[in-house]
Amino acid sequence: MRPCVVVHYHEVGLKGRNRPFFLSTLEKNLRRATAGLGVKAVERASGRILLWLEPDAPWEPLRARISRVFGVVNFARGYALQPELGTLVRGVVARLPEAGEFATFAVRARRAFKDLPLSSREIAIKLGAAVQEASGAGVNLSAPDMTIFVEVLPQFALFFFDKARGPGGLPVGCSAPVTVLLSGGIDSPVAACRMLKRGSRAVLVHFHSFPYLNNASQEKARELAQVISAYQGDSVLYLVPLGEIQRQIVVACPAPYRVVLYRRFMVRIAEELGKRHGAQALVTGDSLGQVASQTIENLTAVDDAATQLMLRPLIGMDKQEIADEAERIGTYTISIQPDQDCCALFVPSNPSIHTDLKGIRDAEAVLDVESLVQKGIAEAVDFQVAQGYGL
């Protein structure tokens, strides 16, 4: 028996003539994610991807890493052997201890290779009888404690116990890169991972107001970038000081426009930093109406400063939905740690919630916009964040 991981995908398989590109990207990401964990080769096999393993390959680390590879719908530790019923029965029975304790089980058999003389139903019946005799467990086809999957291919038969869920979506790297405005809060890391799920790589840009505020948000941004890197591989994180730009806005511009003006400068600076890495859109964690800066009018005023497409994957989600997703991807406990967000610096008591474009443009006209943008770019510090599998 040859040990392997059986990887199934869905959306990638619907891509028609472009399918080879998506599959190649998924294979590359699987190799990257499982590096150093005993994967000898990655191979396509009749609508699935197989990761051939060394005998001592550690399953739990493999499981943790593959569960973060976008494009994977489900996967399982399995074995390949000759497509012959006796061999299959002996192999499954020998590996039953790996399935753990179970009182009931079911067998699900599929044949991509029809030359085997037995039908899928006959395979399930004969294999089920052998497992029942070996384990003493009962058969339950509707809600079993454990399921044995058998897939008969032209080259070999595969079997595995149960399946682990993958994140689905498209493999990272098959869509154009994007720039994510990464705050220290709950929303923007979720927005970043939603874009990874649609195949984009994310360039991360975090704005802070040190030394006017403490550096807690910078530390959080680094931790969040590590989690995001577990999904996309190595990441670029920019830390950009905004405090001096904010001070000049406070001195020269009407107080109600401050937060929208802050965000307009963030957009301009982040856009230029992202372009260094080929990013073709900007991503924020905005949710419509969640705070004063996220009304339709204010979002329109922020978009006016951008030259690239603005994407807001959380726009229709409420706070609890976003928090639940943050827990699933592993960023929630980091995001709720206390910090000082840069947009809270010099925040007015009466921020505008219905900003009009003419008003914001007139307010901004007193500033040397290009000089301030270049200042932000020049003072940005970039970090290479390695894929964070140690988290």
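Contact here means heavy atoms within 4.5 Å. By that yardstick, and skipping neighbours within four places in sequence, Tyr 238 is in contact with Val 203, Leu 204, Val 205, His 206, Leu 273, Arg 276, His 277, Ala 380, Val 381 and Asp 382. Keep in mind that this is a predicted model, where local features need pLDDT of at least 70 and side-chain atom pairs count only at pLDDT 80 or more, while totals for chains, interfaces and linings use all residues. Residues are numbered from 1 along each chain as its sequence is written, and side-chain values use heavy atoms, with hydrogens and water left out.

**The sheet**
- Six strands (DSSP E runs of at least two residues, numbered from the N terminus) form an open sheet in the order 14-13-10-11-12-15, with mixed pairing.
- Strand 14 (309-311) and strand 15 (381-385) are the edges, each pairing on one side only; pairing takes at least two DSSP bridges between two strands.
- Strand 10 (residues 178-181) runs parallel to its partner, strand 13 (residues 281-283), over two bridges.
- Thr 179 has Leu 282 of strand 13 as its bridge partner.

**The cores**
- A nonpolar core is a set of buried (under 20% relative accessible area, 1.4 Å probe, protein chains only) Ala, Val, Leu, Ile, Met, Phe, Trp, Tyr and Cys residues joined through side-chain atoms within 4.5 Å.
- The largest one has 33 residues, and Phe 207, Tyr 238, Val 240, Ile 249, Ile 269 and Leu 273 touch the most other members.
- Helix 8 (helices are DSSP H or I runs of at least four residues) gives the largest share of this core, nine residues.
- A second, separate core of 31 residues includes Phe 70, Ala 221, Ile 228 and Leu 237.

Notes:
Buried means under 20% relative accessible area, exposed over 50%, partly exposed in between (1.4 Å probe, protein chains only).
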